[in-house]
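I opened this entry to keep track of what I looked up in one model. The notes follow the order in which I checked things.

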Amino acid sequence: MELYSPRTIEYIKARYGFSLSKSLGQNFITDVNVLRDIVEGAEVDAEDLVIEIGPGIGSLTAEAAKAAAAVVAVEIDSRLIPILEEALADFDNVEVINRDVLKTDLNEIIERKRSEGAFSGKVRIMGNLPYYITTPIIMKLLEAEVNADSITVMMQKEVADRINSGPGTKSYGAISVAVQYYCTVSKVATVPAAVFVPRPKVDSAVLNLKLREEKPAELIDRDLFFACVKAGFGQRRKTLLNSLTGVRGLEKKDIEHILITTETDPRRRAETLTIGEFAEIANCIAKYTEDRESINE
Ligand code: SAM
C-alpha cells in the first residue's frame, strides 16, 4: 500500500472513520520523493536507529524502516495507533509509541533499543513536525541533550530560514543562536505546500541539524547565555546597552562596564552578534556577578 498516496489517505479516513486533526498539525506528505529526501538527508544507514516524531499514518515511517535497523515512532493521536499497526504490519523493525513527544524521554528509548541490540549505528531523529510545536520540540530535544547524531525535520519554511540564518540578517534571532549553539545546520530541501494533504497555507523546508561534538563556545553558565540571547532579541531594535540591562538584575552602568570589558560597541544590536560574541558577554557577566557576590559576602 502506498501510504503517501492521497487515495490511501482517503481510504484510511473512510475505513477507520478517521478525520484529520488541524489542532494536532496533521498535514500528511503525499510525495514519495519528499519522504526519500528526508531519509537521505538524515543519512540513515542499515545499522541506525530512527526515532520518528509524529508518524501520522506511517508513510515516512515505512521509508525509514526500509533504510534503518530499527524505527521507533512516537505519535500523540491514539486514533492513529491501530491504523499504524495495520499499515506497518509488514515491518518487524518498527515500534509505535502512543505518547506526546514533549513528555517523552527519548534518551530512555534510545538506551532501551541499544540494550535490546536493535541497532549498532547512529541515532537519527526525524519527522514532519506538527507546525504548532516545531520550536518547542526542537528546543526540548536540544536542551535535554538528546543522545542522537542528527535531527532531520520538516517545518514551516519561515522557521527553517530563521534557524538557518546568520548575524546581520533579518531572520537571525534567538532560535538561530539556540539551535546553532547545539548543532550545525544545513537545508535538505524546500517543499511546496501542494504536496501536503490538507494543503497548508505556507511552504515548508527540511533541515538537517547535526549535533555538535564540541560546542562553538565555552560557557560558564548556559542559562545566563540564553538569558542574554533572549533579552537581546526580545527587544531587537534596542542597543545592547539597553536590551541587556536587567539581565541578572544588572543596571545600565554594569552592562556598560561589561560591554567595555569585552570590547563590544554598546550601540550594537543583538542581531549583529555571533554566538562567540554572545558567549563572551555572558561569560563576562558571569564573572562580574560572581565577583560582586563574593565582595558582598
Ligand atoms: N509523518 C506524517 C507525514 O509526514 O505525512 C505526519 C506528519 S503531521 C505534519 C504531524 C504528526 O505529528 C501528526 O500525526 C500528529 O498527530 C503528530 N503529533 C502532533 N503533536 C504531537 C506530539 N506532541 N507528540 C507526538 N506526535 C504529535
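Before listing contacts I fixed the term: a polar contact is a pair of N or O atoms within 3.5 Å, and within protein one atom must be able to donate a hydrogen and the other to accept it. I also noted that the model is predicted.

**Entry: side chain to backbone**

I began with Asp-100, whose side chain reaches the backbone nitrogen of Leu-102 at 2.8 Å. That distance counts as a polar contact because it lies within 3.5 Å. I placed Asp-100 in the loop between β4 and α5. For a long-range reference I took Ile-220, which is 120 residues from Asp-100 in sequence and 33 Å from it in space, C-alpha to C-alpha.

Asp-105 was next, in the loop between β4 (94–98) and α5 (106–115). Its side chain reaches the backbone nitrogen of Asn-107 at 3.0 Å. Is Asp-105 buried, partly exposed or exposed? I found Asp-105 to be partly exposed, because its relative accessible area is 41%, and the class runs between 20% and 50%. From Asp-105 to Ser-115 I counted ten residues in sequence and read 16 Å between the C-alpha atoms.

I then turned to Thr-134, which belongs to helix α6 (residues 134–143). The side chain of Thr-134 reaches a backbone oxygen, that of Tyr-131, at 3.3 Å. Thr-134 has a relative accessible area of 4%, so I entered it as buried.

**Entry: Glu-108**

I looked up Glu-108 and found it in helix α5. Its relative accessibility is 57%, so Glu-108 goes down as exposed. Ala-73 is 35 residues from Glu-108 in sequence, and the C-alpha atoms of the two are 14 Å apart.

**Entry: the ligand**

Which residues around the ligand come nearest? The shell holds 24 residues, and Gln-26, Gly-54, Glu-75, Asp-100 and Asn-128 come nearest. Asp-100 is thus on this list as well as in contact with the backbone nitrogen of Leu-102.

I sorted the shell by residue type and got twelve nonpolar, seven polar and five charged residues. By strand, β1 (28–29) and β3 (70–75) each supply at least two residues of the shell.

For polar atoms of the ligand I wrote down these distances:

- An oxygen atom of the ligand is 2.6 Å from a side-chain N or O atom of Glu-75.
- A nitrogen atom of the ligand is 3.3 Å from a polar backbone atom of Pro-55.
- A nitrogen atom of the ligand is 3.3 Å from a polar backbone atom of Ile-76.

How much of the ligand does the protein bury? Taken alone, the ligand exposes 590 Å², and the protein buries 99% of that. I checked the cavities too, and the largest cavity is the space taken by the ligand.

**Entry: backbone geometry**

Most residues other than glycine have a negative phi, and most peptide bonds are trans. I searched for departures from both and noted three.

The peptide bond from Val-197 to Pro-198 is cis, with omega near -10 degrees. Pro-198 sits in the loop between β8 (196–197) and β9 (204–211).

Arg-248 is not a glycine, yet has a positive phi near 50 degrees. I located Arg-248 in the loop that runs between α10 (240–243) and α11 (252–261). How exposed is Arg-248? Arg-248 is partly exposed, because its relative accessibility is 43%.

Glu-263 also has a positive phi, about 55 degrees, and is not a glycine either. The loop between α11 and α12 (275–296) holds Glu-263. I classed Glu-263 as exposed because its relative accessibility is 75%, and the class starts over 50%.

**Entry: the chain as a whole**

I left the overall figures for last. How many helices and strands does the chain have? I count twelve helices and nine strands in the secondary structure. The C-alpha trace spans about 70 × 45 × 30 Å along its principal axes. The chain has 297 residues, of which 50% count as buried; Thr-134 is one of the buried residues.

Definitions and conventions
Residues are numbered from 1 along each chain as its sequence is written. This is a predicted model: local features need pLDDT of at least 70, side-chain atom pairs count only at pLDDT 80 or more; totals for chains, interfaces and linings use all residues. Side-chain values use heavy atoms; hydrogens and water are left out. Helices (H or I, at least four residues) and strands (E, at least two) are DSSP runs, numbered from the N terminus. Buried means under 20% relative accessible area, exposed over 50%, partly exposed in between (1.4 Å probe, protein chains only). A residue is near a molecule or strand if one of its heavy atoms lies within 4 Å of it. Accessible areas come from the Shrake-Rupley method with a 1.4 Å probe; for residues, only the protein chains shown count as cover. On a 1 Å grid over the protein atoms alone, a cavity is a set of points where a 1.4 Å probe fits but cannot get out, and a pocket is an open set with protein on both sides within 12 Å along at least five of seven lines; lining residues have an atom within 4 Å of a point. A molecule sits in a cavity or pocket if more than half of its atoms lie within 2 Å of its grid points. Ala, Val, Leu, Ile, Met, Phe, Trp, Tyr, Cys and Pro count as nonpolar, Asp, Glu, Lys and Arg as charged, and the others, Gly among them, as polar.
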